[in-house]
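Colleague: Got a minute to go through this one with me? I'd like to start with the ligand site.
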Amino acid sequence: MLKVQGLYKSYGKLSVLKGINLEVEAGEVIVILGPSGSGKSTLLKCINGLEPIDNGTIEVDGIRVDGKNRKQNLFQIRQRVGMVFQHFNLFPHLSVLDNIAICLKVVKKENAKEAEFFARKLLKRVGLEEKSESFPEKLSGGQKQRVAIARAMAMKPKILMLDEPTSALDPEMISEVLEVMRDLAKEGITMVCITHEMGFAKEIADKMIFIDNGVIIEENSTEEFFQNPKEERTRLFLSKVLNK
Ligand code: ADP
Ligand code: MG
């Protein structure tokens with residue numbers, strides 16, 4: 001479903017991703033871990049084309065982007081990749097329902113009735129039917145993030161990527177968002193998630209990836225990763241985050 005090969009990305013003189021290779025099978029759930037500034041967000045942004053890449057190839061569901069054919073295939077890649085950010089990025093001037101429906105109208109060219117029908121269905125799935133007419137400012141952080149997930153799912157993405165979806169939330173709201181993500185994972189969506197929620201990662205991830213300083217240090221099955229990591233750097237990092 002996703003294949004990243006030899007991905008390099010710099011910002012000016014700062015080399016952020018240094019030869020990333022990554023494969024994700026359909027239906028797999030991957031959790032990416034790593035210290036702040038290691039390039040995790042940049043990797044997700046490169047995959048869905050929010051940032052241009054310097055070298056390498058990215059293939060999503062058979063659609064390939066490299067330095068040359070970037071323009072022609074980027075739109076197709078974006079249609080296949082749903083993105084959820086730490087700070088929700090909802091449209092503040094639109095109701096919850098319209099936040100979701102607008103994507104269907106503009107990108108999928110659905111008529112208003114169809115778009116709203118599907119948007120309501122998605123809101124029900126994340127437990128927020130009754131908030132459809134509310135505006136984002138009236139929602140809690142956990143509710144906003146659930147809307148953001150519903151919006152990403154509206155595009156029927158082949159891959160859902162989430163960048164620290166719970167790290168801006170108050171502790172009591174984390175579980176409601178994890179619950180929605182857990183349901184999606186069980187339904188078999190291919191998911192790439194950056195999170196430091198270790199219990200959650202252990203429970204849902206098929207594979208763990210540890211990235212440091214723009215390089216994948218370790219890629220391992222979830223069980224091995226936590227019980228018997230291959231790399232000393234993984235061990236060290238885990239001892240810090242698990243003992244917090
Ligand atoms: P992480 O998500 O792992 O915390 P990021 O991918 O956000 O790390 O950032 C990796 C490095 O790239 C950091 O040093 C960060 O300062 C730098 N960086 C990220 N985005 C930009 C940008 N738009 N311009 C310049 N530097 C950036
Ligand atoms: Mg980040």
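Colleague: So which residues surround ligand 1?

Modeller: Keep in mind that this is a predicted model. Around ligand 1 you get Tyr11, Leu14 and Val16, then Pro35, Ser36, Gly37, Ser38, Gly39, Lys40, Ser41 and Thr42.

Colleague: How do those residues divide into nonpolar, polar and charged?

Modeller: Six of the shell residues are polar, four are nonpolar and one is charged.

Colleague: OK, polar contacts. What is 2.7 Å from an oxygen atom of ligand 1?

Modeller: That's an N or O atom in the side chain of Lys40. The backbone joins in too: a polar backbone atom of Gly39 is 3.1 Å from a ligand 1 oxygen, and a backbone N or O of Ser38 sits 3.2 Å from an oxygen of ligand 1.

Colleague: And how much of ligand 1 does the protein cover?

Modeller: On its own, ligand 1 has 560 Å² of accessible area, and the protein covers 61% of that.

Colleague: Which elements give two or more residues to the shell?

Modeller: Those are β2 (14–24) and α1 (40–47). Helix α1 has the largest share, with three residues.

Colleague: Switching to Thr42: where does it lie?

Modeller: Thr42 is in helix α1, and Thr42 is also part of the ligand 1 shell.

Colleague: Buried or exposed?

Modeller: Thr42 counts as buried because its relative accessible area is 9%, and the cut-off is under 20%.

Colleague: What does Thr42 touch, leaving out residues up to four places away in sequence?

Modeller: Lys9, Tyr11, Val16 and Leu17. Tyr11 and Val16 are among the residues around ligand 1 as well.

Methods. Residues are numbered from 1 along each chain as its sequence is written. Chains are lettered from A and ligands numbered from 1 in the order in which they are written. This is a predicted model: local features need pLDDT of at least 70, side-chain atom pairs count only at pLDDT 80 or more; totals for chains, interfaces and linings use all residues. Side-chain values use heavy atoms; hydrogens and water are left out. A residue is near a molecule or strand if one of its heavy atoms lies within 4 Å of it. A polar contact is a pair of N or O atoms within 3.5 Å; within protein, one must be able to donate a hydrogen and the other to accept it, and residues adjacent in sequence count only if both atoms are side-chain atoms. Accessible areas come from the Shrake-Rupley method with a 1.4 Å probe; for residues, only the protein chains shown count as cover. Helices (H or I, at least four residues) and strands (E, at least two) are DSSP runs, numbered from the N terminus. Ala, Val, Leu, Ile, Met, Phe, Trp, Tyr, Cys and Pro count as nonpolar, Asp, Glu, Lys and Arg as charged, and the others, Gly among them, as polar. Buried means under 20% relative accessible area, exposed over 50%, partly exposed in between (1.4 Å probe, protein chains only). Contact means heavy atoms within 4.5 Å.
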